[in-house]
Amino acid sequence: MTRHSAPEEGVVDLLNRLCATVEDYPRPGITFKDLTPVFADGEGLRVMVDALTSPFEGRFDLVAGVEARGFLLAAAAAYATGTGVITVRKKGKLPRPTLSEDYALEYGNATIEVHEDDVPPEARILLLDDVLATGGTLSAATRLMERSGAHVVGIGVVLELAGLGGRKVLEGHDVHSLQRIES
């Protein structure tokens with residue numbers, strides 16, 4: 001794995017500096033943390049990806065990313081670590097035979113999928129996404145990887161909305177968040 005020297009600024013300070021805060025989005029009373037400025041900053045992206053992968057160094061063969069921002073993180077992490085990447089997509093986006101997993105949303109249900117042959121049996125997977133909220137999507141992605149015969153060795157997220165209980169849903173898995181936001 002290639003590692004770069006750490007900058008003076010810590011990852012939490014970097015996220016606080018670069019992340020855009022949008023009040024009342026997507027609805028009144030919600031404060032949205034927009035990570036797109038971090039993705040757009042070369043050094044910020046590098047620091048973020050290194051901080052997500054370093055706790056799991058040497059423990060994974062592939063990186064799986066959950067649609068859509070998880071794709072950006074997973075692709076950058078796979079490139080930085082010399083591993084491959086698996087895309088976990090929303091239902092109906094993949095052309096070949098898939099495995100799917102349903103999960104609950106605040107108002108309804110959703111489904112995610114992977115190609116049946118994209119996840120090698122016994123592969124060690126690092127699962128990445130941008131935000132851990134209630135844990136529904138990441139829990140479904142974890143089940144999907146495990147049904148494929150892989151082992152999820154870790155789950156990395158940039159932001160964890162601690163008050164929504166997602167970590168509890170992922171109990172038994174090694175979850176690493178770069179920044180916990182208490183709400």
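These are my notes on a few strands, one helix and one residue in this structure, which is a predicted model.

**Strand pairing**

I started with strand E3, residues 62-66, and looked for its partner. E3 runs parallel to strand E4, residues 84-90, and 5 bridges join the two. For one pair in register, I noted that Ala64 has Ile86 in E4 as its bridge partner. Then I followed the chain between the strands: it leaves E3, passes through helix H4 (residues 69-81) and arrives at E4, a β-α-β crossover that is right-handed.

E4 also pairs with strand E6, residues 108-115, this time antiparallel and over 2 bridges. Here I found Lys90 opposite Ile112 in E6.

**Val63**

Next I picked a residue in E3, namely Val63. Is Val63 buried or exposed? Val63 counts as buried because its relative accessibility is 0%. I then listed what Val63 touches beyond its neighbours within four places in sequence: the contacts include Ala74, Ala77 and Ala78, along with Val85, Ile86, Leu126 and Leu128. I also checked Val63 against Val11: they sit 52 residues apart in sequence, and their C-alpha atoms are 21 Å apart.

**Helix H3**

Last, I looked at helix H3, residues 42-53. Its 12 residues reach 17 Å from first C-alpha to last, close to the expected 16 Å. How many of the residues of H3 are buried? I got 9 of the 12, so I wrote H3 down as mostly covered. Among the buried ones are Gly44, Arg46, Met48 and Leu52. As for what covers them, I noted helices H1, H2 and H4, plus strands E7, E8 and E9, among others.

Notes: Residues are numbered from 1 along each chain as its sequence is written. This is a predicted model: local features need pLDDT of at least 70, side-chain atom pairs count only at pLDDT 80 or more; totals for chains, interfaces and linings use all residues. Side-chain values use heavy atoms; hydrogens and water are left out. Two strands pair if DSSP finds at least two bridges between them. Helices (H or I, at least four residues) and strands (E, at least two) are DSSP runs, numbered from the N terminus. A crossover is right-handed if, with the strands pointing away from the viewer, the path from the first strand over the helix to the second runs clockwise. The expected span of a helix is 1.5 Å times one less than its number of residues. Buried means under 20% relative accessible area, exposed over 50%, partly exposed in between (1.4 Å probe, protein chains only). Contact means heavy atoms within 4.5 Å.
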